[in-house]
Amino acid sequence: MKKLASFFSTIVVLCAILTVCASARASDQIDGGWAAAQSASNGQVAVEFQVNGTGKMSKIGANLIILYEKSTSGWIPVERITSSDVSSLFTTSAYSYCNTQYFNGTLGKQYYAKVTVFATDSTGTDYKTYTTNTIVAKR
């Protein structure tokens, strides 16, 4: 009887672990990703992102990037690009996608970006937004 109780306890623990692992996945299409900002030359702001699909996606990349600048009244959006504007924000028939976009900043100002990534397969499309670190535009 003790062995049977121990067996069932082990099964319950394994089910709990598998449930947690399955829910850690971002979605049915997005397995994870990230976005980061860094100062490039002459005040430019480089925004890099990566999105990983759960399998081979028919379309994968970024749908929207918004660059924010710190002003005296707080953070304001100063530039915005979409996948409709810039075709290099996404690719087709891939498992993952990584890209860097450059924005013109002002020397000495602080910036960060929000990057909305997406992945599409035969069952649908999902989106996830990543926020980058804050950087200072440098020479």
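Helices and strands are here DSSP runs, with at least four residues for a helix and at least two for a strand, numbered from the N terminus. On that basis, the secondary structure of this predicted model comes to one helix and seven strands. Followed along the sequence, these elements give the pattern α-β-β-β-β-β-β-β.

A few totals help to set the scene. The chain has 139 residues, and 35% of them count as buried. Its accessible surface comes to about 8,300 Å², and carbon and sulfur atoms hold 53% of that area. Among contacts with a separation of 6 or more, 65% are between residues 24 or more positions apart.

The interior is a good place to look next. In soluble globular proteins, nonpolar side chains tend to be buried together. In this model, the largest nonpolar core has 26 residues, and the members that touch the most others are Val 47, Phe 49, Ile 65 and Val 115. At least two core residues come from each of strand 1 (30-39), strand 2 (44-71), strand 4 (90-104) and strand 5 (110-121). Strand 2 gives the most, with nine residues. The surroundings of Val 115 can be listed in full, leaving out residues up to four places away in sequence: Val 115 touches Ala 35, Val 47, Phe 49, Ala 62, Leu 64, Ile 65, Lys 128, Thr 129 and Tyr 130. Two of the other core residues named above, Val 47 and Phe 49, are therefore found in a list that also includes Ile 65, with the core itself defined as buried nonpolar residues joined through side-chain atoms within 4.5 Å.

Strand 1 and strand 2 also pair with each other, in the antiparallel sense and over nine bridges. Within this pairing, Ala 36 stands opposite Glu 48 of strand 2. The two strands form a hairpin with four residues between them. Asn 42 has its place in that loop between strand 1 and strand 2, and it counts as exposed because its relative accessibility is 62%, where exposed means over 50%.

The backbone of Asn 42 deserves a second look. Most residues other than glycine have a negative phi. For Asn 42, however, phi is positive, near 55°. Ser 93 is another residue with a positive phi that is not a glycine, here about 50°. Ser 93 lies in strand 4, whereas Asn 42 is in a loop. With a relative accessible area of 46%, Ser 93 is partly exposed.

Strand 3 (residues 74-82) offers two residues for a closer view, Thr 82 and Val 78. Thr 82 has a relative accessibility of 15% and so counts as buried, the limit for that class being under 20%. Apart from residues up to four places away in sequence, Thr 82 touches Asn 63, Leu 64 and Leu 89. Leu 64 is also on the list of residues touched by Val 115.

Val 78, by contrast, is partly exposed, with a relative accessible area of 39%. Once neighbours within four places in sequence are set aside, Val 78 is in contact with Leu 67, Tyr 68, Glu 69 and Tyr 111. Val 78 and Gly 105 are 27 residues apart in sequence, and their C-alpha atoms are 9.2 Å apart in space.

Definitions and conventions
Residues numbered from 1 in each chain as written. Predicted model: local features only at pLDDT ≥ 70, side-chain atom pairs only at ≥ 80, totals over all residues. Heavy atoms only, no water. Buried < 20%, exposed > 50% of the residue type's maximum accessible area, 1.4 Å probe, protein only. Contact = heavy atoms within 4.5 Å. Areas by Shrake-Rupley, 256 points an atom, 1.4 Å probe, with all protein chains shown as cover. Pairing = 2+ DSSP bridges.
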